[in-house]
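Open the model in your viewer and keep the selection panel at hand. The tour goes from the whole chain to single side chains.

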Amino acid sequence: MNGYSEIEREKANLINATSIRLEQLEKSKNETLYFEKQRAMNQVRQRVFQQAVQGALGTLNSCLNTELHFRTIRANIGILGSLEWKR
């Protein structure tokens, strides 16, 4: 009977230790999932920000090119206008 009690006690200890280990593994899994989710969200945010910046730069460059084009035309008109007055 004493041997049987020892086996039952070891069995209970093993079940308890296994249960604790499973809880630890579940906690680790959840933490890993949380950090992976955060990392994925940060990557998406970074990509969206990069695309927004690239779009803004494209718009600015387009506006600057348009403005430069208009200034060049105005300067040329001014030069041509001054040439006509000199004749």
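Helices and strands here are DSSP runs, with at least four residues for a helix and at least two for a strand, and they are numbered from the N terminus. The model you are looking at is predicted.

**Stop 1: the whole chain**

Show the protein chain as a cartoon. How many helices and strands does the protein chain have? There is 1 helix, and there are 0 strands. The protein chain is more spread out than a compact globule, because its radius of gyration is 37 Å, well over the 12 Å that the globule rule gives for 87 residues. Turn the view and follow the C-alpha trace: its spans along the principal axes are about 130 × 10 × 5 Å.

Now switch on the surface. About 8300 Å² of the protein chain is exposed, and 61% of that comes from carbon and sulfur atoms. What share of the 87 residues is buried? The share is 0%. A residue counts as buried under 20% relative accessible area, as exposed over 50%, and as partly exposed in between.

Next, colour the chain by charge. The protein chain carries 13 positive and 9 negative charges, and the mean positions of the two groups lie 17 Å apart.

**Stop 2: Arg9 and Glu6**

Select Arg9 and Glu6 and show their side chains. They form a salt bridge, with 2.6 Å from N to O. Both residues belong to helix 1 and are 3 residues apart, about one turn of the helix. Arg9 has a relative accessible area of 45%, so it is partly exposed. Glu6, at 33% relative accessibility, is partly exposed as well.

**Stop 3: Lys11 and Glu8**

Select Lys11 and Glu8. A salt bridge links their side chains, and the N to O distance is 3.9 Å. That value falls within the 4 Å cut-off for a salt bridge. In helix 1, Lys11 and Glu8 are 3 residues apart, about one turn. Lys11 is partly exposed, with a relative accessible area of 45%, and Glu8 is partly exposed at 29%.

**Stop 4: the patch around Val53**

Move along to Val53, which is part of helix 1, residues 2-86. Is Val53 buried, exposed or partly exposed? Its relative accessibility is 35%, so Val53 counts as partly exposed. Add Phe49, Leu57, Leu60 and Leu64 to the selection: with Val53 they make a nonpolar patch on the surface. Together these five residues have about 510 Å² of accessible area.

**Stop 5: Glu26 and Lys29, then a network**

Go back to Glu26 and Lys29. Their side chains meet in a salt bridge, at 3.2 Å from N to O. Glu26 is partly exposed, with 39% relative accessibility, and Lys29 is partly exposed at 41%. Both lie in helix 1, and 3 residues, about one turn of the helix, separate them.

Then select Glu67, Arg71 and Arg74. Salt bridges with shared partners join these residues into one network. Glu67 sits in helix 1. Glu67 has a relative accessible area of 33%, so it is partly exposed.

**Stop 6: a distance to finish**

Keep Glu67 selected and add Asn2. How far apart are the C-alpha atoms of Glu67 and Asn2? The separation is 97 Å, for two residues that are 65 residues apart along the chain. Finally, show every salt bridge in the model at once: the count comes to 6.

Terms used. Residues numbered from 1 in each chain as written. Predicted model: local features only at pLDDT ≥ 70, side-chain atom pairs only at ≥ 80, totals over all residues. Heavy atoms only, no water. Patch = residues over 30% accessible without salt bridge, like charges linked within 9 Å, V, L, I, M, F, W, Y side chains within 5 Å. Areas by Shrake-Rupley, 256 points an atom, 1.4 Å probe, with all protein chains shown as cover. Buried < 20%, exposed > 50% of the residue type's maximum accessible area, 1.4 Å probe, protein only. Rg over C-alpha atoms; globule rule 2.2 N^0.38 Å. Lys, Arg positive; Asp, Glu negative; His and termini not counted. Charge placed at Lys NZ, Arg CZ, Asp CG, Glu CD.
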